[in-house]
Amino acid sequence: MTAPAAPPLPALTPVKARPAPRPARNRRLTRTALRGLAAAVVFVLSVFPVYWMVLTALKPNAQIQSETPVFFPTSLTLDHFSDAVHADGFWGFWRNSLLVTAGSVLLALVIALAAAYAVARLRWRGRRAFILLVFVAQVAPWEALLIPMYIIARDAGMLDRLSMLTLVSFMLTLPFTIVTLRSFLSGIPPELEEAAQVDGCTRAAAFRRVTLPLLAPGLLATSLFGCITAWNEFAFANMLIIKNQDDRTLPVWLSSFSNVFGTDWGATMAASTLFALPVLVLFLVLQRRVGAGLTSGAVKG
């Protein structure tokens with residue numbers, strides 16, 4: 001005898017996904033619209049001062065001095081840029097700012113790289129206290145240092161000298177550079193250096209050949225932010241350069257840029273645009289590497 005055949009299974013019908021309730025969809029759309037609106041407001045508030053600066057530098061004097069603001073001028077001019085470039089001392093002050101920025105950033109990179117390596121790779125007594133002091137120096141208000149730095153510069157005979165201003169800018173950028181480079185170094189496995197030492201490299205050679213190339217994005221990121229800090233520094237430059245006006249930097253010069261008739265706003269905005277241009281170009285050139293460096297330091301640190 002053969003067993004009776006099993007009855008065929010009924011065909012499975014696909015279950016249709018239920019559409020999301022309309023109120024939930026509306027809430028999602030509302031949240032998306034609010035986020036987009038908030039992003040647009042932040043963008044406008046951030047970009048409008050820069051737009052107004054460049055626009056004022058390009059507008060004729062009649063439209064600059066108009067009682068009603070002119071947001072979309074009918075005619076543009078480059079005369080203000082010519083006035084700014086040919087103003088007395090413009091290129092000298094540009095050179096001073098460049099020397100102070102380059103000197104302070106290079107000093108900060110060299111000193112901070114050694115300090116960050118010692119903190120991230122070595123174990124020594126007082127390491128935690130040193131890290132705590134660096135963080136305290138990073139969060140301390142720089143306004144509290146104005147009077148002490150003036151007294152130190154005066155007693156050391158360093159007033160009206162670019163070297164003193166370079167040291168001050170170096171001091172302002174050093175804590176941030178140490179903290180950031182320590183984060184990057186902590187993200188690089190020390191086993192890479194140990195493997196190079198097994199192959200015959202010294203500790204210094206292993207760092208130079210293995211770790212330093214991997215640290216390039218972090219060096220670029222910290223260099224860029226150090227450049228921005230030193231390039232825009234005003235308070236210390238205005239306080240430490242008193243008598244020798246030829247050693248002023250561009251931010252101090254811009255604050256006193258005027259003619260016999262008062263403040264020339266067109267030329268001032270043109271000079272401000274030229275002042276902001278180098279850092280902007282540097283950021284655009286290094287944007288990808290800086291973004292990768294910041295992400296690496298944030299995730300691996």
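1. A residue is taken as buried when its relative accessible area is under 20%. The model discussed here is predicted, and this note concerns its aromatic pairs. Phe275, with a relative accessible area of 9%, is therefore buried.

2. The aromatic pairs number 14. One of them joins Phe93 and Trp253: the ring centres lie 5.9 Å apart and the planes meet at 40 degrees, so this pair is tilted. Phe93 belongs to helix H4 (residues 90-121), whereas Trp253 belongs to helix H12 (residues 250-255); the pair therefore ties together parts that are 160 residues apart in sequence.

3. Both partners of this pair are withdrawn from the surface by the criterion in point 1. Phe93 has a relative accessible area of 5% and is buried, and Trp253 likewise counts as buried, at 4% relative accessibility.

4. A further aromatic pair is formed by Trp231 and Phe275, with 5 .3 Å from centre to centre and 10 degrees between the planes; it is stacked. Trp231 is located in helix H10 (residues 216-232) and Phe275 in helix H13 (residues 265-285), so parts that are 44 residues apart in sequence are tied together by the pair. Trp231 counts as buried at 5% relative accessibility, and Phe275, as stated above, is buried too.

5. Which residues do ring pairs link into a cluster? The members are Phe90, Trp91, Phe93, Trp94, Trp231, Trp253 and Phe275. The cluster thus includes Phe93 and Trp253, the tilted pair, as well as Trp231 and Phe275, the stacked pair.

Conventions: Residues are numbered from 1 along each chain as its sequence is written. This is a predicted model: local features need pLDDT of at least 70, side-chain atom pairs count only at pLDDT 80 or more; totals for chains, interfaces and linings use all residues. Side-chain values use heavy atoms; hydrogens and water are left out. Rings of Phe, Tyr and Trp (its six-membered ring) pair if their centres lie within 6.5 Å; planes under 30 degrees apart count as stacked, over 60 as edge-to-face and the rest as tilted. Helices (H or I, at least four residues) and strands (E, at least two) are DSSP runs, numbered from the N terminus. Buried means under 20% relative accessible area, exposed over 50%, partly exposed in between (1.4 Å probe, protein chains only).
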